[in-house]
Amino acid sequence: MKASELKELRYKVSDNFYLHEFYVSETYPDLAANMEVEIEDVVAISILVHQIVQPVRDFLGYELIIGSGKRDDALNDAVEGSEESQHLLAEAADLEIAGNIAWKVYHWLIEEFSNVIGQCIIYLNQNGIPRFIHVSTKTYRGSRKPCGEFLVKYGGSFYRFAGSRWDS
Ligand SMILES: [Zn+2]
């Protein structure tokens, strides 16, 4: 099944999220719609949503937009994602949370979710203001990934904010 067929299916992964919300791209909607939906990815998205995304939505108490979820190679290349990106494994999502509330969510994730998060990156704009938060689960299918690693991305650099463990 193609991702373009998901919307009609209205497959709910949790209280507030439909599966099609994780097959998106604002800049490359056609590539997003053309992705093949694999059952392994649906499982990975369910884990990501129940461990991290829905709890963040509950913490916020209002609508939470997913800027990027699952990516296939074509979409990941187009957005210049890392070759090792957990988006390729449907284990990561970019949460559209901007401004000061993003720092609040980030600190709350450090306090409460270090054990379930693989990587959490807060992306800042030129003025140092949060644009969105990337979250991923510990990897289930990929190579060894950091566990409970919290980073800040500003300009071309990543800054370590908290955590440095590796999953065994
Ligand atoms: Zn991301």
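Visitor: On the other side of α5 from its buried residues, which residues are exposed?
Guide: This is a predicted model, in which local features need pLDDT of at least 70, side-chain atom pairs count only at pLDDT 80 or more, and totals for chains, interfaces and linings use all residues. Residues are numbered from 1 along each chain as its sequence is written. A residue is exposed if 12 or fewer other C-beta atoms (placed from the backbone) lie within 10 Å of its own, buried if 20 or more do, and partly exposed in between. The exposed residues on that side of α5 are N100, E111 and E112.

Visitor: How far does α5 reach from its first C-alpha to its last?
Guide: Helices (H or I, at least four residues) and strands (E, at least two) are DSSP runs, numbered from the N terminus. Helix α5 covers residues 100–113, which makes 14 residues. Its expected span, 1.5 Å times one less than its number of residues, is 20 Å. The model comes close to that, at 19 Å.

Visitor: Within what arc do the buried residues of α5 fall?
Guide: The buried residues in α5 are A102, V105, Y106 and L109. They line one face of the helix, because seen down its axis they fall within a limited arc (that of the directions from the helix axis to the C-beta atoms). That arc is 105 degrees.

Visitor: What covers these buried residues of α5?
Guide: Look for contacts: two residues are in contact if their C-beta atoms, placed from the backbone, lie within 7 Å. A helix and two strands are included in the cover. They are α3 (39–60), β5 (117–124) and β6 (130–137).

Visitor: Which element gives the most to the largest nonpolar core?
Guide: A nonpolar core is a set of buried Ala, Val, Leu, Ile, Met, Phe, Trp, Tyr and Cys residues joined through C-beta atoms within 7 Å. The largest one has 39 residues, and those with the most contacts inside it are I45, A93, L95, C120, I133 and V135. The elements that give two or more residues are α3, β4 (92–95), α5, β5 and β6. With six residues, the top giver is α3.

Visitor: Which residue in β6 does C120 stand opposite?
Guide: C120 touches Y106, L109, I133, H134, V135 and F150, not counting residues up to four places away in sequence. β5 and β6 pair (strands pair if DSSP finds at least two bridges between them) in the antiparallel sense over seven bridges. In β6, the residue opposite C120 is V135.

Visitor: Which residue in the hairpin of β5 and β6 takes a positive phi?
Guide: Five residues lie between the two strands. One residue of the hairpin has a phi near 80 degrees. That residue is G128.

Visitor: How many of the eight residues of β6 are buried?
Guide: β6 also runs antiparallel to β4, joined by four bridges. There, D94 stands opposite H134. β6 is largely enclosed by the rest of the structure, because its buried residues number seven.

Visitor: Which residue in β4 does I66 stand opposite?
Guide: Strand β3 (residues 66–68) and β4 pair in the antiparallel sense over two bridges. Both faces of β4 are covered, with A92 and D94 buried on one side and A93 and L95 on the other. Opposite I66 in β4 stands L95.

Visitor: Is A90 buried or exposed?
Guide: A90 sits in the loop between α4 (73–78) and β4. Its phi is near 60 degrees, a positive value in a residue other than glycine. With 29 other C-beta atoms within 10 Å, A90 is buried.

Visitor: How many other C-beta atoms lie within 10 Å of R10?
Guide: R10 is found in the loop between α1 (6–9) and β1 (12–14). It has a positive phi of about 50 degrees although it is not a glycine. R10 is exposed, and the count is 9.

Visitor: How far apart in space are G81 and R71, C-alpha to C-alpha?
Guide: G81 lies in the loop between α4 and β4. It touches R71, N76 and H87, not counting residues up to four places away in sequence. G81 and R71 are 10 residues apart in sequence. In space, the distance is 9.1 Å.

Visitor: What is the radius of gyration of the protein chain?
Guide: The chain has five helices and 10 strands. It is as compact as a globular protein of 168 residues, because its radius of gyration (taken over C-alpha atoms) is close to the 15 Å of the globule rule, 2.2 Å times the number of residues to the power 0.38. The value for this chain is 15 Å.
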